2 protein chains.
Amino acid sequence: MTHESPNLKTVTAALLVIGEEILSGRTKDANTAYIAAYLTHVGIGLREVRVVADVEDEIVAAVNALRGRYTYVFITGGIGPTHDDVTTDAIAKAFGVGVDVRDDAVEAMRLQYVEEDLTPARLRMARIPDGAALIHNAVSRAPGYMLENVVVMAGVPRIMQVMMDEVMPRLAKGRPMQARTVRIDAAEGDVAPPLAALQAAHPDVQIGSYPFFEHRAFGTYVVLRGTDDARLDSALADLWEVIAKEGFSSSAGDGS
Amino acid sequence: MTHESPNLKTVTAALLVIGEEILSGRTKDANTAYIAAYLTHVGIGLREVRVVADVEDEIVAAVNALRGRYTYVFITGGIGPTHDDVTTDAIAKAFGVGVDVRDDAVEAMRLQYVEEDLTPARLRMARIPDGAALIHNAVSRAPGYMLENVVVMAGVPRIMQVMMDEVMPRLAKGRPMQARTVRIDAAEGDVAPPLAALQAAHPDVQIGSYPFFEHRAFGTYVVLRGTDDARLDSALADLWEVIAKEGFSSSAGDGS
């Protein structure tokens with residue numbers, strides 16, 4: 001199952017968060033920030049995030065829209081034991097495959113549950129779409145799974161996190177995106193013209209600018225992103241030159 | 001521009017967050033949680049969130065996918081002065097309308113900027129798609145705008161927040177979704193069967209269950225959601241009955 005990518009091609013991903021509780025504002029989604037940072041670190045470029053409700057047809061539509069567009073689709077939430085956990089049925093429907101309680105998933109759950117606790121409700125968590133490979137869950141044992149390029153994980157953050165670690169060796173990775181950040185103590189509007197010129201001169205480096213307002217100070221974080229160290233450093237050197245020429249006050253740093 | 005909805009029909013929304021910095025994990029998106037809670041409170045049902053990069057074609061595709069499906073589409077980010085601010089061009093392209101610096105937007109910016117600071121870069125923030133109505137911004141004056149059912153706001157949280165307040169009176173609202181939360185000190189797997197029965201008996205109430213792990217305790221928050229107080233209270237009464245019958249330990253409360 002392990003894919004090597006010797007030429008370190010671009011590997012992309014979408015994240016699909018299943019969660020009425022996030023759409024209603026009850027719960028702040030912490031998984032997106034974690035997964036975004038994780039994927040960036042390992043060399044998988046997160047290109048899109050969607051949050052949809054626990055509604056089967058919505059999930060089916062989103063999975064089918066995303067799985068053809070990106071190398072991987074990561075999904076969190078909706079694989080628990082209750083009636084509102086509809087993700088697994090949606091995945092089976094999206095792929096047009098069957099779904100049933102599977103022995104290997106039940107075996108995994110026996111590490112956590114005594115026989116009388118393996119109720120029909122809990123065995124819903126052992127329902128796995130046909131053809132999927134399990135993702136083990138050392139926290140609470142009910143597994144996630146991977147079907148083709150779709151990775152399905154729990155929504156509870158600490159369970160999602162062990163599942164990410166567990167599935168990661170099976171996935172292709174590209175060259176990790178690197179970032180260089182410079183804080184400039186000048187308004188974004190004043191930084192804009194030289195930054196546009198810098199971007200034009202370095203098309204292989206992605207240049208982002210983020211205004212900040214901290215206490216009584218304001219300014220702009222400039223972030224250079226790219227997969228090639230030499231090109232990044234070249235753009236960074238030119239940025240420092242621009243800063244000197246414009247007379248901006250500035251400092252290197254990751255910023256907020 | 002104010003729409004009254006005398007029969008309080010369902011009013012829905014999608015949120016489109018423009019932000020490479022969120023996809024790369026550099027910045028945690030705080031706007032989604034704020035907007036989700038705000039919309040729920042005023043009676044607009046947030047049904048979907050998408051995060052895409054600052055890439056014109058991606059934004060055009062997302063806007064056109066969402067604006068026909070929901071009453072409103074809220075957009076945050078990408079309307080600043082720099083080269084990576086491409087939201088306004090994307091909106092104009094999505095609607096097939098022109099876009100230019102507009103006098104009313106420049107007038108608004110004169111409240112913040114002296115004439116020599118109204119540089120070409122800053123005047124990018126006065127570019128407004130044809131036919132859009134401005135959304136004033138008391139914080140930094142560069143306006144947002146609303147074009148048909150699409151509301152475009154800044155990504156900086158405190159600016160987005162004043163724009164939400166500013167645009168809200170123009171929007172239709174439905175009956176606000178109410179919630180009742182009960183904390184049950186029992187595993188989600190044990191709560192699942194009676195909860196499924198409760199859901200079947202109360203199809204007009206949305207019943208969600210959220211497992212929690214706090215310190216050494218674990219359990220399940222059950223959230224009943226609906227727009228009709230009487231139906232919610234009826235479902236809640238039945239939930240308390242179920243809890244008593246099953247012998248669960250529990251308490252009312254909003255939970256985590």
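This is a chat about how two chains of a predicted model meet and how their sheet and helices are arranged.

Reader: Let's start with the contact between the chains; how many residues does each of them put in?

Author: In this predicted model, chain A brings 46 residues to the contact and chain B brings 46 residues as well. On the side of chain A that touches chain B, the elements giving two or more residues include helix 2 (31–42), strand 2 (45–52), helix 8 (188–201), strand 10 (206–214) and strand 11 (217–226) of chain A.

Reader: And how do the residues on that side of chain A divide into nonpolar, polar and charged?

Author: The side of chain A that touches chain B has 22 nonpolar residues, alongside 12 polar and 12 charged ones.

Reader: What rotation superposes chain A on chain B?

Author: Chain A falls on chain B after a rotation of 180° with 0.0 Å of shift along the axis, and the RMSD is 0.0 Å. That is why the relation is one of a two-fold axis. Within chain A, the C-alpha nearest the axis belongs to R50(A), at 2.2 Å from it. Both copies use the same surface, since 100% of the contact residues of chain A recur in chain B.

Reader: Staying with R50(A), which residue does it stand opposite?

Author: R50(A) stands opposite R50(B), which is in strand 2 of chain B. The two strands numbered 2, one from chain A and one from chain B, pair in the antiparallel sense over 5 bridges.

Reader: How many strands form the sheet, and in what order?

Author: It is an open sheet of 12 strands with mixed pairing, and the order is 6(A)-7(A)-8(A)-3(A)-1(A)-2(A)-2(B)-1(B)-3(B)-8(B)-7(B)-6(B). Strand 6 (133–135) of chain A and strand 6 (133–135) of chain B are the edge strands, each pairing on one side only. On average, and with direction ignored, neighbouring strands of the sheet are turned by 20° against each other.

Reader: Which strands does helix 2 of chain A touch when it packs on that sheet?

Author: Helix 2 of chain A touches strand 1 (12–18), strand 2 and strand 3 (72–76) of chain A, and its direction makes about 165° with that of strand 1 of chain A.

Reader: How many bridges join strand 7 of chain A to strand 8 of chain A?

Author: There are 3 bridges between strand 7 (residues 144–147) and strand 8 (residues 150–153) of chain A, and these strands run antiparallel. In this pairing L147(A) stands opposite V150(A).

Reader: Switching to helices, at what angle do helix 2 and helix 7 of chain B cross?

Author: The axes of helix 2 (residues 31–42) and helix 7 (residues 157–167) of chain B cross at roughly 20° and come within 11 Å. Angles under 35 degrees count as roughly parallel, and so helix 2 of chain B is roughly parallel to helix 7 of chain B. Their crossing is right-handed.

Reader: Which residues meet there?

Author: From helix 2 of chain B come N31(B), Y34(B), I35(B) and Y38(B), and they meet P157(B), M160(B), Q161(B) and M164(B) in helix 7 of chain B. By class, this contact has 6 nonpolar and 2 polar residues, with no charged ones.

Reader: Are helix 8 and helix 9 of chain A roughly parallel or roughly antiparallel?

Author: Helix 8 and helix 9 (residues 229–246) of chain A pack at about 155°, with their axes 11 Å apart, and they are therefore roughly antiparallel. The crossing is right-handed here. P194(A), L198(A) and A201(A) of helix 8 meet residues of helix 9 including A235(A), L239(A) and E246(A). The contact of these two helices divides into 6 nonpolar, no polar and 2 charged residues.

Conventions
Residues numbered from 1 in each chain as written. Chains lettered and ligands numbered in written order. Predicted model: local features only at pLDDT ≥ 70, side-chain atom pairs only at ≥ 80, totals over all residues. Contact = placed C-beta atoms within 7 Å. Helix = DSSP H or I, 4+ residues; strand = E, 2+ residues; numbered from the N terminus. Nonpolar A, V, L, I, M, F, W, Y, C, P; charged D, E, K, R; others polar. Pairing = 2+ DSSP bridges. Axes fitted to C-alpha atoms, helices over the stretch in contact; angles between N-to-C directions. Least-squares fit on C-alpha atoms with pLDDT ≥ 70 in both. Parallel < 35°, antiparallel > 145°, perpendicular 65-115°, else oblique. Left-handed = near helix turned anticlockwise from the far one by under 90°.
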